[in-house]
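User: I'd like to learn how to read strand pairing and burial in a model. Could you walk me through it?

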Amino acid sequence: ASPGRGPTIAASLEAEGLPALADWVDRGGTLITLGESSWILFGGVEPFSAIRAYRQVLDELPAYRAEAVRERGLAGLQVDEERLRAGAAGAIARPEPIPESGDSAAVDATQDEWSRRFSPDGVLLRADLDASHWLAAGAGRRVPVMVRTDLALMARQPVETVGRFAPAESLRLSGLLWPEGRERWESTAYLCRERIGGGQVIAFLGNPIYRAYFHGTGRLLDNAIVLGPGMGTATQSGY
C-alpha cells in the first residue's frame with residue numbers, strides 16, 4: 001500500500017476480509033505485508049497480530065525502547081570459548097549499551113502528530129539484521145532501506161524483529177532526515193516475523209524491491225517467499 005493508504009485498506013477489509021485472512025494464517029498460511037499494507041495486521045477493530053504502529057503504543061514506548069536496547073546488547077556479545085570451558089572469569093564480553101537519542105518516556109498524541117510531519121520521504125536508512133535468522137540468510141548484518149511513509153512499526157516478544165533500524169546517530173545513509181524523524185524511527189522495526197497458530201505473518205516497512213534497486217532487501221523478500229512456508233509454519237500436508 002502506498003503512503004497514507006494503509007488505514008483505508010484495513011477499513012475496507014474489516015467486515016469479511018480481515019477475519020478471513022486471520023483464519024487463513026491460523027491454518028498455516030504465510031502472509032507477507034509490504035509498506036503500509038501492514039495496517040491490515042493491526043488496524044482493525046480486533047488486530048490479529050502483536051505488531052503495532054508507533055502511534056498505537058505511545059504510552060508503552062519505554063518498554064519497546066528497552067527491548068530494542070537489550071536486543072542490540074545480545075547481538076554484540078563475544079564469547080571466549082576456551083575461557084568459558086575453563087570456567088575463567090571474563091569469558092563473555094558485553095558491549096556497552098547504545099542509548100536512545102530521543103526521550104524514552106511516553107509520548108502524547110499531539111507530539112506524535114507533530115513528529116509525523118517530518119516523516120522520511122524517499123530516505124535511505126540503515127537496518128541492522130539478525131544474521132542468524134533464516135529470513136536474513138545471505139543478506140549480511142545490515143542493509144540500506146528505502147523509507148517513504150509516516151508509519152513506524154513497533155514489535156516486541158513474541159514477535160521476532162529480524163530487521164531493526166539503527167540508532168539515531170547512524171540511521172541516515174542518504175537523503176533528508178529531520179532530527180524529529182531520527183528520533184521517531186530509530187530502533188523501530190523494519191522486518192518482523194510472528195507465528196500465529198499454524199502460520200505466520202512477515203511484515204516489511206516499505207517496498208523491499210523498489211525499482212529492483214536494493215538487492216539486500218530483495219534477498220530478504222526472496223527468503224520470505226521461498227523459505228517462509230517451509231521454515232516458519234506448521235502446515236499440515238493432508239496426506
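User: Which residue of β11 stands opposite leucine 191?

Analyst: In this predicted model, leucine 191 has phenylalanine 204 of β11 across from it. That pair belongs to a longer run: β10 and strand β11 (residues 199-204) are antiparallel and joined by six bridges.

User: What happens at the turn of the hairpin of β10 and β11?

Analyst: Two residues lie between the strands of this hairpin, and glycine 197 takes a positive phi near 60 degrees.

User: Which residue is the bridge partner of threonine 161 in β10?

Analyst: Threonine 161 pairs with cysteine 192. Here the neighbouring strand is β8 (residues 160-165), which runs antiparallel to β10 with four bridges between them.

User: How many residues of strand β10 are buried?

Analyst: A general idea helps before we count. Side chains in a regular strand alternate between the two faces of the sheet. As for strand β10 (residues 189-196), seven of its eight residues are buried, so the rest of the structure largely encloses it.

User: Now threonine 33, please: is it buried or exposed?

Analyst: Buried means under 20% relative accessible area. Threonine 33 has 2% relative accessibility, so it counts as buried. Its place is in strand β1 (residues 30-34).

User: What does the side chain of threonine 33 join by a polar contact?

Analyst: Its partner is the side chain of serine 38, at 2.8 Å. Leaving aside neighbours within four places in sequence, the residues in contact with threonine 33 include Ser38, Ile40 and Leu41, and also Ile202, Ala203 and Phe204. Phe204 brings us back to our starting point, as phenylalanine 204 stands opposite leucine 191.

How values were computed. Residues numbered from 1 in each chain as written. Predicted model: local features only at pLDDT ≥ 70, side-chain atom pairs only at ≥ 80, totals over all residues. Heavy atoms only, no water. Buried < 20%, exposed > 50% of the residue type's maximum accessible area, 1.4 Å probe, protein only. Polar contact = N/O pair within 3.5 Å; in protein donor to acceptor, adjacent residues only side chain to side chain. Contact = heavy atoms within 4.5 Å. Pairing = 2+ DSSP bridges.
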